[in-house]
Amino acid sequence: MVGLCASVETARDCLAEGVKDLLSRGTGPTIVEWATAIRAVGAGRYQDALEAVREAGRCPAELAVSTWALAEVVEAASRLGVSEQTAEDLRQLAETTQAAGTDWARGVEARCRALVSLGEEAERLYLQAIEHLRCSRVRLELARCHLVYGEWLRPAGRRMDARAQLRTAHEMFADTGAEGFAERARRELLATGETVRKRNAGSPSQLTAQEVQIARLAAENLTNPEIGAQLFISSRTVEWHLRKVYPKLGVSSRRELTGALSALGLGARSATHLAT
């Protein structure tokens, strides 16, 4: 919903606009707090994440979002050494994930348990989480699992193993446009002694699925508010995405989008496919 914005000011603007948009449709603030927490965790600002989702994780009104928020609470708390509530957070999380029984749910639960475990048990859980999430279609959660596993391996002195996990995470985050998490993975790779170049933001191949969808609608001469209404995002968020799309495609206006998308094989049919 709220992107991992390039700068703090832009992120705050996007988030503020998102809050207005959600509240205008009768959606409570829980989903906004959850999105805020993900952005904070991606940037390694664990205290901010913890503060954002403590209440969201306890809110029964939006059960699914509350469950997602609990996963962020566990990661943030484990990084900060806050353990008094972690067992209860895991218990609440497990109630939902075990009832769901999907690879996505099981993978997220295993990852959370690994974060608060030690030694061989932690590694077993990380590998279990990766196996489950590979079978799911939630690419970002799999990338996050590779990241935290790599972060666990590095201080254990297993530098080569850590690099393999972190490289995978960095590539997956960069491909999906999760810039905050990509930068976190890049910093960890640098700490292993590996040189990592930042991806060129101007590469057309790095359009995210949502950017492709927005570009296609813009090429059809829809206004930002009309695009936002179709995608359930604010017009300001649409504008922010288009400011990223133009340099990636090497264009400067809506009039040039049709030709640029067609040249890349991203016409209406391809754009719809990528966005699903």
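The following exercises, with worked solutions, concern a predicted model of one protein chain.

**Exercise 1. Overall composition**

Determine how many helices and strands the protein chain contains, and what percentage of its residues is buried.

*Solution.* The secondary structure of the chain consists of 15 helices and zero strands. Of its 276 residues, 50% are buried. The accessible surface amounts to about 13,500 Å², and carbon and sulfur atoms hold 51% of that area. Among contacts with a separation of 6 or more, 57% join residues 24 or more positions apart.

**Exercise 2. The buried side of helix α3**

Identify the buried residues of helix α3, and establish how they are placed around its axis.

*Solution.* Helix α3 spans residues 46–53, and its buried residues are Tyr46, Ala49, Leu50, Ala52 and Val53. These residues cover an arc of only 165° around the axis, and therefore lie on the same side of α3.

**Exercise 3. The nonpolar cores**

State which residues have the most contacts inside the largest nonpolar core, and which element gives the largest share of that core.

*Solution.* In general, nonpolar side chains of soluble globular proteins tend to be buried together. Here the largest nonpolar core has 41 residues, and those with the most contacts inside it are Ala49, Leu50, Val53, Tyr126, Leu147, Phe173 and Phe181. The elements that give two or more residues to this core include α2 (30–42), α4 (63–80), α6 (103–115) and α10 (179–191). The largest share, seven residues, comes from α8. A second, separate core has 20 residues, among them Leu217, Ala219, Ile233 and Val238.

The contacts of one core residue can then be listed. Beyond its neighbours within four places in sequence, Leu147 is in contact with Leu166, Ala169, Phe173, Phe181, Arg184 and Ala185.

**Exercise 4. Two residues in helices α8 and α9**

Classify Leu140 and Arg163 as buried or partly exposed, and list their contacts beyond four places in sequence.

*Solution.* Leu140 belongs to helix α8, residues 139–153. Its relative accessible area is 34%, so Leu140 is partly exposed. Outside its neighbours within four places in sequence, Leu140 contacts Phe173 and Ala178. The C-alpha atoms of Leu140 and Met172 are 7.5 Å apart, although 32 residues separate the two in sequence.

Arg163 belongs to helix α9, residues 159–176. Its relative accessible area is 17%, so Arg163 is buried. With residues up to four places away not counted, Arg163 touches Leu189, Thr192, Gly193 and Glu194.

**Exercise 5. Cysteines**

Explain why Cys112 is not bonded to Cys145.

*Solution.* A disulfide requires two cysteine sulfur atoms within 2.5 Å. The closest cysteine sulfur to that of Cys112 is in Cys145, 9.5 Å away, and is therefore too far for a bond. Cys145 is likewise in no disulfide. The count of disulfides is zero. Cys112 is buried, at 0% relative accessibility, and Cys145 is buried, also at 0%.

**Exercise 6. An aromatic cluster**

Classify the ring pairs Tyr126–Trp152 and Tyr149–Trp152 as stacked or tilted.

*Solution.* The whole structure holds four aromatic pairs. For Tyr126 and Trp152, the ring centres are 5.9 Å apart and the planes meet at 50°, so this pair is tilted. Because Tyr126 lies in helix α7 and Trp152 in helix α8, the pair ties together parts 26 residues apart in sequence.

For Tyr149 and Trp152, the centres are 6.2 Å apart and the planes are at 25°, so this pair is stacked. Both residues lie in helix α8, three residues apart, about one turn of the helix.

Ring pairs thus link Tyr126, Tyr149 and Trp152 into a cluster. Within it, Tyr126 is buried at 2% relative accessibility, Tyr149 is buried at 4%, and Trp152 is partly exposed at 22%.

Conventions
Residues are numbered from 1 along each chain as its sequence is written. This is a predicted model: local features need pLDDT of at least 70, side-chain atom pairs count only at pLDDT 80 or more; totals for chains, interfaces and linings use all residues. Side-chain values use heavy atoms; hydrogens and water are left out. Buried means under 20% relative accessible area, exposed over 50%, partly exposed in between (1.4 Å probe, protein chains only). Helices (H or I, at least four residues) and strands (E, at least two) are DSSP runs, numbered from the N terminus. The arc is that of the directions from the helix axis to the C-beta atoms. Contact means heavy atoms within 4.5 Å. A nonpolar core is a set of buried Ala, Val, Leu, Ile, Met, Phe, Trp, Tyr and Cys residues joined through side-chain atoms within 4.5 Å. Accessible areas come from the Shrake-Rupley method with a 1.4 Å probe; for residues, only the protein chains shown count as cover. Rings of Phe, Tyr and Trp (its six-membered ring) pair if their centres lie within 6.5 Å; planes under 30 degrees apart count as stacked, over 60 as edge-to-face and the rest as tilted.
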